[in-house]
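Trainee: I have this structure open and would like to walk through it with you. Could we begin with the terms?

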Amino acid sequence: MAPAHLPAKVARRHGSAGCRGGSATVGQVSRSVAGACPLDCPDTCAWHIEVDALGRAVSLRGDREHPFTRGALCGKVNRYLDALYAPDRLLHPLRRVGAKGAGQFERISWEEAIELAARGIQRAIDEDGPESVLPYYYAGTMGQVQGWTLGPRLFAALGASKLGTTICSAASTAALTAIHGAKVGLDPEDIAYARLVLIWGGNLLYSNVHQWRFILAAREAGGHIVTIDPLRTATADHSDEHVKLRPGTDGALALGLMRAVLDAGAADRDWLERHAVGWPELEARLREWPPARAAEECGVSLAQLEGLGQRLAATRPAAIRMGLGLQRHGGAGAAVRAISAISAVTGDWRHVGGGVAGNVSDHFPVATTETVYPSDLPRRQARTINMSRLGEALLTVDDPPVRALVVFNANPGASNPAQRQVHEGLARDDLCTVVLEHRLTDTADFADVVLPATMQPEHIDLHTAYGHLYMTWNEPAVAPPGECLPNTEIFRRLARALGLDHPRFFDSDLDIARQLLDTDGCRAAGITLETLRERGWQRTVDYPAGTAPFADGGFPSPSGKVELRSDGLASLGLDPLVGYVPPYEVVDSELAERYPLVLLCPASRFFLNSTFASTPWHLRKAGPLTVHVHPDDAAVRSLEEGEAIVVRNDRGSFEAVVTVDDAAAPGVAFLYKSHWAKLLPGGFNANATTPQRDADMGGSPTFHDNRVEIEPLRVGRRAHGLAAVGAAAPDEV
């Protein structure tokens with residue numbers, strides 16, 4: 001039988017000759033526990049953890065029955081247990097004993113740690129009011145229970161500053177909401193039915209690997225695969241065609257392609273008339289965007305743009321898989337709207353396998369807002385602070401200043417723009433910083449109190465997804481090591497120490513999961529806590545794959561249609577019509593005189609943002625921080641393969657090594673994010689140079705809209721007093 005706390009299908013006991021009658025030994029599999037990968041990835045893999053008779057996780061494998069992930073895990077998550085049992089895992093609460101940023105701590109008890117944290121928060125409230133407290137969190141876990149509910153509930157009730165969670169997909173969220181009414185779209189599984197697939201702004205083989213299976217199915221049925229990306233990525237190499245456009249000009253390319261469809265007489269006027277708002281106005285705007293203008297703006301050949309436009313006009317169904325990378329520049333929101341509009345102009349929504357799939361997380365009918373803000377728990381109104389401007393918030397925001405910072409599920413010391421400013425803010429002596437973490441990250445080194453949190457195999461959680469339509473349950477497989485506690489339990493203890501006694505602060509993890517699932521949408525899809533725990537995952541919509549749910553409109557927009565013209569955007573002072581907003585620094589010719597290279601920071605194959613960036617296997621595979629430079633740009637700067645370099649602009653600088661290749665066009669350099677700054681020579685990563693500036697929509701950051709100069713470190717050291725690079729070459733594993 002399964003252990004008492006696990007449903008029968010969640011815990012499956014595996015008998016073997018060694019554990020049927022003999023004494024238990026390490027490595028003998030006793031049971032398999034179903035769970036979900038917690039990381040910030042579209043795929044949200046269902047997995048099984050094999051646990052030995054002594055309660056230790058000994059292997060990890062994907063769930064072969066899951067319709068989207070089908071038993072495979074990505075290379076980085078295949079080694080997740082390395083991180084679970086890593087020697088740098090935090091096991092006990094810590095108090096700072098050295099300077100902020102030095103990472104010097106002493107062990108204390110949980111009682112002392114919670115008292116210190118509560119005292120710091122209460123002091124800030126007493127001296128400067130509740131808005132002087134700022135919770136800082138994001139997608140270190142994508143779990144609804146451990147990540148997005150009880151912590152925000154606590155701080156909302158205190159009246160703390162509200163966090164604007166902008167750092168990843170705020171521009172996309174605002175744009176998709178403006179055009180479709182919500183983050184909805186084509187079922188990613190149905191891309192298998194497409195005969196033309198545009199992979200736009202995403203390196204799927206590094207960051208959405210399970211989608212590739214469905215794209216290959218489309219190709220095997222005669223489909224044509226196109227990657228649209230400024231970089232020749234692994235995904236581009238495996239596509240039939242690569243459009244290498246200028247960074248940040250995606251919206252112009254989308255307008256040029258729609259104009260080509262219009263010129264070919266292939267606009268689906270019947271569908272547009274019945275299911276779109278603003279088509280006549282967009283048609284007039286497209287007259288201003290002949291393919292020649294779009295090609296010049298994007299830096300692609302006119303022949304390629306026209307050829308792709310003709311293919312798009314002639315091929316049904318066409319699917320667009322939109323990644324996240326294209327939304328990290330000044331015109332990000334406009335670009336997402338323009339790309340999304342293509343499927344309306346071609347009428348692809350009427351076909352199975354046609355349409356656009358970006359972030360599809362609003363297909364999940366969970367009650368996140370209602371769970372964070374339960375009706376029986378009073379809360380105060382408070383200001384909102386944009387998380388992408390944390391450095392600014394810590395150094396310049398007043399009335400009141402931020403005096404207490406509680407960080408969980410995030411590492412802003414490594415991942416935020418304007419890194420030098422962030423570090424300066426975190427080093428403030430008058431700032432009380434509490435960090436919930438698995439290990440001593442860049443951010444934790446600045447903390448006054450560090451609280452050891454559980455990892456995914458050690459706690460309950462419920463997972464939605466943004467790259468498929470299956471909700472997944474995570475059951476704890478092993479006991480937490482040392483004194484680690486779930487985020488939820490830490491917040492319960494903190495609430496108690498702050499003198500809060502409302503029962504909503506002490507809901508159990510299962511209570512919270514039930515609240516999240518208490519919706520009409522979950523009931524319509526047959527999802528309850530019991531069914532989800534029993535099965536491990538369930539489809540979150542009540543229609544099957546192989547359906548065209550928006551063939552006759554029915555979008556969750558105010559009109560029920562695709563809104564090519566948005567009155568909501570007009571009320572915000574933004575262009576209501578689908579169009580183009582150019583990037584900021586990329587097209588700034590004056591700035592280009594001083595900083596002639598555009599620096600991009602795409603997703604790594606071996607790190608998930610800064611997760612795994614201290615795990616030995618992942619570090620060896622990733623190698624040193626390496627900037628890719630085109631041969632023409634290397635020659636002008638006398639850069640040699642493997643040489644130590646400094647990358648700089650007015651915001652800051654960092655050190656790396658250079659590799660010379662033509663994966664990017666001349667004038668564009670790139671590196672893979674996101675090394676821990678503390679492990680690098682000089683103590684900063686690429687975010688020392690990235691701007692603290694908002695995109696056109698959503699308050700989203702502009703990581704990829706960043707101009708820099710690169711020079712050999714031998715020159716940079718003399719000019720800027722920089723330390724030498726000591727990064728070693730990666731091991732061959």
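Mentor: On a 1 Å grid over the protein atoms alone, a cavity is a set of points where a 1.4 Å probe fits but cannot get out, and lining residues have an atom within 4 Å of a point. Grid points are joined across faces, edges and corners, and a volume is the space filled by probe spheres set on the points. This is a predicted model, in which local features need pLDDT of at least 70 and side-chain atom pairs count only at pLDDT 80 or more, while totals for chains, interfaces and linings use all residues. Residues are numbered from 1 along each chain as its sequence is written, and side-chain values use heavy atoms, with hydrogens and water left out.

Trainee: How many cavities of 30 Å³ or more does the structure hold?

Mentor: There are 2 of them, and the second largest has a volume of about 60 Å³.

Trainee: What lines that second largest one?

Mentor: Its lining includes Asp187, Asp190, Trp349, His351 and Phe550, and by class it has 5 nonpolar, 4 polar (Gly counts here) and 2 charged residues.

Trainee: Switching topic, is strand β16 buried or exposed?

Mentor: Strand β16, a DSSP run of E (at least two residues), covers residues 404-408, and 5 of its 5 residues are buried, meaning under 20% relative accessible area with a 1.4 Å probe, protein chains only. Ala404, Val406 and Phe408 lie on one side, with Leu405 and Val407 on the other.

Trainee: Which strands does β16 join?

Mentor: Strands pair if DSSP finds at least two bridges between them. Here 5 bridges join β7 to β16 in parallel, with Pro135 opposite Val406, and 5 bridges join β16 to β17, also parallel, with Leu405 opposite Thr433.

Notes: 1 Å grid on protein atoms, 1.4 Å probe; cavity = no way out; pocket = protein on both sides within 12 Å on 5 of 7 lines; lining within 4 Å. Buried < 20%, exposed > 50% of the residue type's maximum accessible area, 1.4 Å probe, protein only. Helix = DSSP H or I, 4+ residues; strand = E, 2+ residues; numbered from the N terminus.
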